[in-house]
Amino acid sequence: MGKIRKTYDAKFKKKAVDLYWKEGMGYKTVSKELGIDESMVRRWVKRYEQEGMKGLEEKRGKAKGPGKGRPRTRPEDPETKIKRLEAEVKMLKKLLKR
């Protein structure tokens, strides 16, 4: 079973960044203060430097634009489906004859 990831909202992340920049705390101190991993604080500070508040927003599951995200599945054409199923039946009959 996969590990469940905890997500933090942009407000919490901004608080961590502010503690680092405005309060002059180190990554380790901020992580202990907030009860999170030091690498998360580093990542949030870096993203905030590069993108501002937008860098702190949740990005998972929000693919946008053409060619991004999971491709949409289209319903199969009835004729194509019939041909595929006929081929499957033919293959299964061959396997049963063995």
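These legends walk through several close-up views of a predicted model.

**View 1. The whole chain, before we zoom in.**
Welcome to an all-helical protein chain: the secondary structure comes to 4 helices and 0 strands. Read along the sequence, the pattern is α-α-α-α. The chain has 98 residues, and 17% of them are buried. Among contacts with a sequence separation of 6 or more, 47% join residues 24 or more positions apart. The views below turn to helices α1, α2 and α3.

**View 2. Helix α1 meets helix α3.**
Here we look at α1, which covers residues 10-21, and α3, which covers residues 38-51. Their axes come within 9 Å and cross at roughly 90 degrees, and α1 and α3 are therefore roughly perpendicular to each other. On the α1 side, the contact brings in Phe12, Lys13, Lys14, Ala16, Val17, Tyr20 and Trp21. They meet Trp44, Val45, Tyr48 and Glu49 of α3. Sorted by type, the residues of this contact are 8 nonpolar and 3 charged, with no polar ones.

**View 3. Two lysines of α1 under a closer lens.**
Lys13 and Lys14 both take part in the contact of α1 with α3, and each deserves a look of its own. Is Lys13 buried or exposed? With a relative accessible area of 6%, Lys13 is buried. Leaving out residues up to four places away in sequence, Lys13 touches Tyr8, Trp44, Leu56, Glu57 and Glu58. Trp44 in that list belongs to α3.
Next door, Lys14 also lies in helix α1. Its relative accessibility is 19%, and Lys14 counts as buried because the cut-off for buried is under 20%. With the residues up to four places away again left aside, Lys14 touches Tyr48, Met53 and Leu56. Lys14 and Val41 are 27 residues apart in sequence, while their C-alpha atoms are 9.9 Å apart in space.

**View 4. Helix α1 meets helix α2.**
How do α1 and α2 lie relative to each other? Their axes come within 9 Å and cross at roughly 140 degrees, and the two helices are therefore oblique to each other. The crossing of α1 past α2 is right-handed. Phe12, Lys15, Ala16, Leu19 and Tyr20 are the α1 residues of the contact, and Tyr27, Val30, Glu33 and Leu34 are those of α2. By type, these residues divide into 7 nonpolar, no polar and 2 charged.

**View 5. The two sides of helix α2.**
Helix α2 spans residues 27-34, and its buried residues are Tyr27, Val30, Ser31 and Leu34. Seen down the helix axis, these buried residues fall within an arc of 100 degrees, so they line one face of α2. A little background helps here: an α-helix has 3.6 residues a turn, so residues three or four places apart point the same way. The cover over the buried residues of α2 includes α1 and α3. On the other side of α2, you will find Lys28, Lys32 and Glu33 exposed. Just after α2 comes Gly35, which takes a positive phi of about 75 degrees.

**View 6. Glu33, an exposed residue with neighbors.**
Glu33 sits in helix α2 and counts as exposed at 54% relative accessibility. Which residues does Glu33 touch, not counting those up to four places away in sequence? Leu19 and Met25 are its contacts on that count. Glu33 and Leu19 are 14 residues apart in sequence, and 9.4 Å apart in space from C-alpha to C-alpha. Leu19 and Glu33 are both part of the contact between α1 and α2.

**View 7. Helix α2 meets helix α3.**
Our last stop is the pair α2 and α3, which pack at an angle of about 115 degrees with their axes 8 Å apart. That angle makes α2 roughly perpendicular to α3. The crossing of α2 past α3 is right-handed. Tyr27, Lys28, Val30 and Ser31 of α2 meet Glu38, Val41, Arg42 and Val45 of α3. The residues of this contact comprise 4 nonpolar, 1 polar and 3 charged. Tyr27, Val30 and Ser31 will be familiar from View 5, where they are among the buried residues of α2, whereas Lys28 is exposed.

Definitions and conventions:
Residues numbered from 1 in each chain as written. Predicted model: local features only at pLDDT ≥ 70, side-chain atom pairs only at ≥ 80, totals over all residues. Heavy atoms only, no water. Axes fitted to C-alpha atoms, helices over the stretch in contact; angles between N-to-C directions. Parallel < 35°, antiparallel > 145°, perpendicular 65-115°, else oblique. Contact = heavy atoms within 4.5 Å. Nonpolar A, V, L, I, M, F, W, Y, C, P; charged D, E, K, R; others polar. Buried < 20%, exposed > 50% of the residue type's maximum accessible area, 1.4 Å probe, protein only. Arc of directions from axis to C-beta. Left-handed = near helix turned anticlockwise from the far one by under 90°.
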